[in-house]
Amino acid sequence: MTKVDEQLRGTPPAARSAPGKAEFVIASVRRDLLIDGVWSPARTGTTISTINPATEQVLTDVALADADDVDLAVRAARKAFDDGAWSALAPGERARMLWRIAELIDRDLDILAMLITLDNGKPLAEARGEAASAAEIFRYYSGWPTKLFGETNPANPGMMSMTLREPIGVCALIVPWNGPIASPAWKIAPALACGNTVVLKASEVTPLAALRLGDILLEAGVPPGVVNIVVGTGAVAGSALTSHAMVDKISFTGSTAVGMEIQRVAAATMKRVSLELGGKSACVVFDDADLENAVQSLAAGIFKNQGQLCIAASRMFVHERVHDAFADRLAQIAGAIRLGDPLDPQTTMGPLVSRTQYDRVLGYIAVGREQGGSVRAGGARGPQEVGYFVQPTVFAGMDNAMRVAREEIFGPVACLIPFRDEDDVVDQANDTTYGLAAGVFTRDLSRAHRVSRRLKAGSVWVNTYNAVSPIAPFGGFKQSGVGRELGRYGLDAYTEIKTIAIKL
Ligand code: NAD
């Protein structure tokens, strides 16, 4: 029995049906801003509707922050940082609290999964996986407060010279809609582990799971002001955060265009900036690869989350000898995907997140056709009368110069490009402004090493794809970002190194 079922025990059968459960979960979620440990409406009383992309119906209305609300949130975070309410807490205490947050996320997996599915459209099993991964991030970073060591160094024989790793201060965390709880977790967990205080600006498109996370943080005992959560638009709340004088650090995940704007704004006050931006991954399948493994890995790589992933396996370079067989098998897998109601356990692909995203992806499919792409699967909207459903689509025999191979589509559209030899494919793979992730499929160990080193990407996965782990650093080369999240390197984004030299 799931957590939601448990809570619904004793209610009328209608409440226990899938729509009944959804209503119950929506009714349980906060609709306010979390500022200084208290949930309160926006000062102007403004709200924004969040839409279920499977039904195009309003799920609920949540408070929409403006610059004044953001100012209150930043001041609360500033005060909590300067008071030492969090940074001066014994590291073991911070560790225990982060672990407790992980346990509470695990306890609420069903509720969080349903909120993610309703708000974002990804199938329930995927949403559950995302929520479980958020718990893992908190669990991983709970190990770090007690291990933030400095060093002694031999700078001068007459001195005791050493380093300390200190928190940066108030961190503005800005996240997109494609990982409604994973993205906040990737930022909040390391920021708190290092002793910072934060203002999270949740996505205005999918705010519900982040709001639920706010309740979890309070229940875990995170002191007032240490984590503040606002929902707001990028133009108003986002830019109020990035230009606020009391913010020391910005950690942003989103589009490259907005990342560039944030860097410009942050330069005025020299805020520290970490950016996780767009991608156009190159996945290279050699003719000696285990083809079934390659096609299964890359099908998941491009169709998971309806292709709305920065690391989506969007460019598949397939050796010309196996290109057609690969295309046929990928088309078969795409054709077998069950596109539909994401709350139905049989569904393997849900709708895109919004009307904007739906129009964008269908627009790119049209461009692909116009430029002569051969559609091997999908290529159209789903058969549903309502909802932002787009069929999983496979374009074969493409060219790396085509727009669909150059621009980030952020949808379930695979672009297969045949190649002849290793040098040629490495050049083509690197011929992009992005550099987030890449894949290599081959049975030749030397080639696997050689090509992995030559690909300009922050993560290269060999004979697998999307092997993201809390323990391994993640981030982009080139215009895919600045800095790294996750793992030990993720701590660098949330700490300053101080040198202290004492004359002996
Ligand atoms: P987006 O850039 O439009 O918005 C991201 C966030 O920034 C949202 O919260 C938005 O409100 C806010 N924002 C927008 N304009 C702002 C401004 N001027 N100042 C401050 N904040 C602002 O991106 P999106 O459409 O929400 O998400 C899709 C994009 O995110 C894709 O490009 C995708 O590749 C990228 N992404 C990257 C990663 C990664 O780890 N590299 C992960 C997920 C998504």
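**Cavities and a small sheet**

Eight nonpolar, five polar and four charged residues make up the lining of the largest cavity in this structure. Welcome to the model, which is a predicted one. The count comes to two cavities of 30 Å³ or more, and there is also an open sheet of three strands to get to know.

**The largest cavity**
- This cavity holds about 100 Å³ of space.
- Its lining is formed by 17 residues. Those nearest the centre are Ala429, Tyr434, Gly435, Ala437 and Lys456.
- To find the lining along the chain, look at helix 16 (422–430) and strand 17 (437–441), each of which supplies at least two residues.

**The second largest cavity**
- Here the volume is about 60 Å³.
- Among the residues that line the second largest cavity are Gly279, Lys280, Ile302, Gly307, Leu309, Ala312 and Ser314. The lining also includes Glu408, Ile409, Phe410, Gly411 and Val413.
- Sorted by class, the lining of the second largest cavity has six nonpolar, four polar and two charged residues.

**The three-stranded sheet**
- Strands of a sheet pair through backbone hydrogen bonds, either parallel or antiparallel.
- In this open sheet the strand order is 5-6-20, and the pairing is antiparallel.
- Strand 5 (152–153) and strand 20 (495–503) are the edge strands, each pairing on one side only.
- Strand 5 is joined to strand 6 (residues 159–167) by two bridges.
- Across from Thr152 you will find Met162, in strand 6.

How values were computed. Residues are numbered from 1 along each chain as its sequence is written. This is a predicted model: local features need pLDDT of at least 70, side-chain atom pairs count only at pLDDT 80 or more; totals for chains, interfaces and linings use all residues. Side-chain values use heavy atoms; hydrogens and water are left out. On a 1 Å grid over the protein atoms alone, a cavity is a set of points where a 1.4 Å probe fits but cannot get out, and a pocket is an open set with protein on both sides within 12 Å along at least five of seven lines; lining residues have an atom within 4 Å of a point. Grid points are joined across faces, edges and corners, and a volume is the space filled by probe spheres set on the points. Helices (H or I, at least four residues) and strands (E, at least two) are DSSP runs, numbered from the N terminus. Ala, Val, Leu, Ile, Met, Phe, Trp, Tyr, Cys and Pro count as nonpolar, Asp, Glu, Lys and Arg as charged, and the others, Gly among them, as polar. Two strands pair if DSSP finds at least two bridges between them.
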